[in-house]
Protein chains: 2
Amino acid sequence: MESSSAASGGSTRREATRQKLYEAAVTLIAEQGFSATTVDEIAERAGVAKGTVYYNFASKSVLFEELLRHGVGLLTASLRDAAETTARAGGSRVDALDAMIRAGLVFIDRYPSFTQLYVAELWRTNRAWQSTLMVVRQQAVAVVEGVLREGVEGGEFSDEIDVPLTAAALVGMVLVAALDWKSFQPERSLDDVHAALSRLLQGRVSGRR
Amino acid sequence: MESSSAASGGSTRREATRQKLYEAAVTLIAEQGFSATTVDEIAERAGVAKGTVYYNFASKSVLFEELLRHGVGLLTASLRDAAETTARAGGSRVDALDAMIRAGLVFIDRYPSFTQLYVAELWRTNRAWQSTLMVVRQQAVAVVEGVLREGVEGGEFSDEIDVPLTAAALVGMVLVAALDWKSFQPERSLDDVHAALSRLLQGRVSGRR
DNA sequence: TTGTTTGAACTGACTGGTCAGTGCAAAAGG
DNA sequence: CCTTTTGCACTGACCAGTCAGTTCAAACAA
């Protein structure tokens, strides 16, 4: 029963169609929300027939769930990579956090719609994909928590910090700042935004220059 | 022609009904989103007939818009009060920021559903109430920006900080940390959460204890 | 007190439209 | 060939908004 092909990266025709559907769905749902977006719209924007959507995904919700999994997977990988690269280069944990902030900004810069949609759904309850969302969220936040914990163990961070809460706050800081950047001052450069957040992270806000 | 009663603060029957509708709508929409929430559900939870919803509000969207205005109004007033009280008591700008963080937490503690719904809608585009949302958002963020600006002018904060972006980041920090608190560790005390965020604000994360 | 009027507030069955999901024959496509 | 896509008609559920009719309480009358 198993497809003997499927090969490596997934360059089948089917994979290409799914990718087109993801891209169409992500922007539409980010703009309008899940319920307000119709399957017909998604199909039209992706340039495929409605039947194709149902050939590739069991339902509208399943399409959305796989989209979430896919997107958060990319983000998690990127954060992990930032942390590891910093560590391998002999950077401190603060450097690692800083690198992760940048990785977060780069991600949001590249996939603003996905980020928007993710934030809109994250704290909802009573939705079909809620459990999926919890799992992937935890994977991403865990990367930040890991760095914080290492920093505490190594004496670089105060052992009074609350690791999960601080991680959440840091993620929130980047998320909201970046969404505001994209929404209200899209002309600013990533470096600029990164510098402002770095300053905040390192407590260089209070304390005169 | 004018009703000679109506008395003081708005204790008419109509006002009571509208309040019930707000309360019903805010939890339902926070859980399910605007489009997935039906007017029938709202009416049922409020304990009124569907027609009553339309007697009191022109449409589902208008109900939602007035709800947003009402809620953000409360938050803005509370932030402003925190800043002013601190100033009048001779506190520094950092103290004012800290007081505003606490005010934010108190608000979210009392109205978690509203907060949830607000975050979910804030960065959407192409929605009827988008402009309303921008206006009220700006009112709230402006309070934070004001304190930051005063701090820069008075030399208490570095003049290199980016005021709008830093304000957004601070708001995001509190918002996301608080939503995580309510969603995942609701048993923790407000003081506890406040302490963790204060620490982060004052850069007491890095730097060993 | 008791009856009557008035208009605001409320009710809920109904309508017209929308949309997720189906079914299928025929056409790419690889 | 075997998989995938197309095109399109169809169904059944669901839902925003309407409207003719009912309730309620205050004001006034007798």
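**Close-up views of two DNA strands and the protein around them**

**Figure 1. Where chain B meets the backbone of DNA strand C.** In this predicted model, a phosphate oxygen of DNA strand C sits 2.5 Å from a polar side-chain atom of B:T52. Such a polar contact is a pair of N or O atoms within 3.5 Å; within protein, one must be able to donate a hydrogen and the other to accept it, and residues adjacent in sequence count only if both atoms are side-chain atoms. B:A49 takes part through its backbone, with a polar atom 2.6 Å from a phosphate oxygen of DNA strand C. As for the source, this is a predicted model in which local features need pLDDT of at least 70 and side-chain atom pairs count only at pLDDT 80 or more, while totals for chains, interfaces and linings use all residues. Residues are numbered from 1 along each chain as its sequence is written, chains are lettered from A and ligands numbered from 1 in the order in which they are written, and side-chain values use heavy atoms, with hydrogens and water left out.

**Figure 2. The wider surface near DNA strand C.** There are 17 residues around this strand, and A:K50, B:T17, B:A49, B:T52 and B:Y55 come nearest; near means that a heavy atom of the residue lies within 4 Å. A:K50 reaches a base: one of its polar side-chain atoms is 2.9 Å from a base nitrogen of DNA strand C. Of the strand's atoms within 4 Å of the protein, 74% belong to sugar or phosphate and the rest to bases. At least two residues each come from α3 (50-56) of chain A and from α1 (13-32) and α3 (50-56) of chain B, with α3(B) giving the largest share, four residues. Helices (H or I, at least four residues) and strands (E, at least two) are DSSP runs, numbered from the N terminus.

**Figure 3. The surface near DNA strand D.** Around this strand are 16 residues, of which A:T17, A:T52, A:Y55, B:K50 and B:Y54 come nearest. Phosphate oxygens of DNA strand D lie 2.7 Å from an N or O atom in the side chain of A:Y55, 3.1 Å from a polar backbone atom of A:A49 and 3.2 Å from a polar side-chain atom of B:K60. Two or more residues come from each of α1 (13-32) and α3 of chain A and α3 of chain B. Sugar or phosphate accounts for 71% of the strand's atoms within 4 Å of the protein, and bases for the rest.

**Figure 4. Aromatic pairs in both chains.** The whole structure holds 14 aromatic pairs over all chains. The rings of A:F107 and A:F114 have centres 6.1 Å apart and planes at 85 degrees, so they are edge-to-face. Rings of Phe, Tyr and Trp (its six-membered ring) pair if their centres lie within 6.5 Å; planes under 30 degrees apart count as stacked, over 60 as edge-to-face and the rest as tilted. B:F64 and B:W129 are also edge-to-face, because their planes stand at 80 degrees, with ring centres 4.8 Å apart. That pair spans 65 residues, from helix α4 (residues 60-88) of chain B to the loop between α6 (112-122) and α7 (130-153). B:F64 is buried at 1% relative accessible area, as is B:W129 at 3% (buried means under 20%, exposed over 50%, partly exposed in between; 1.4 Å probe, protein chains only).
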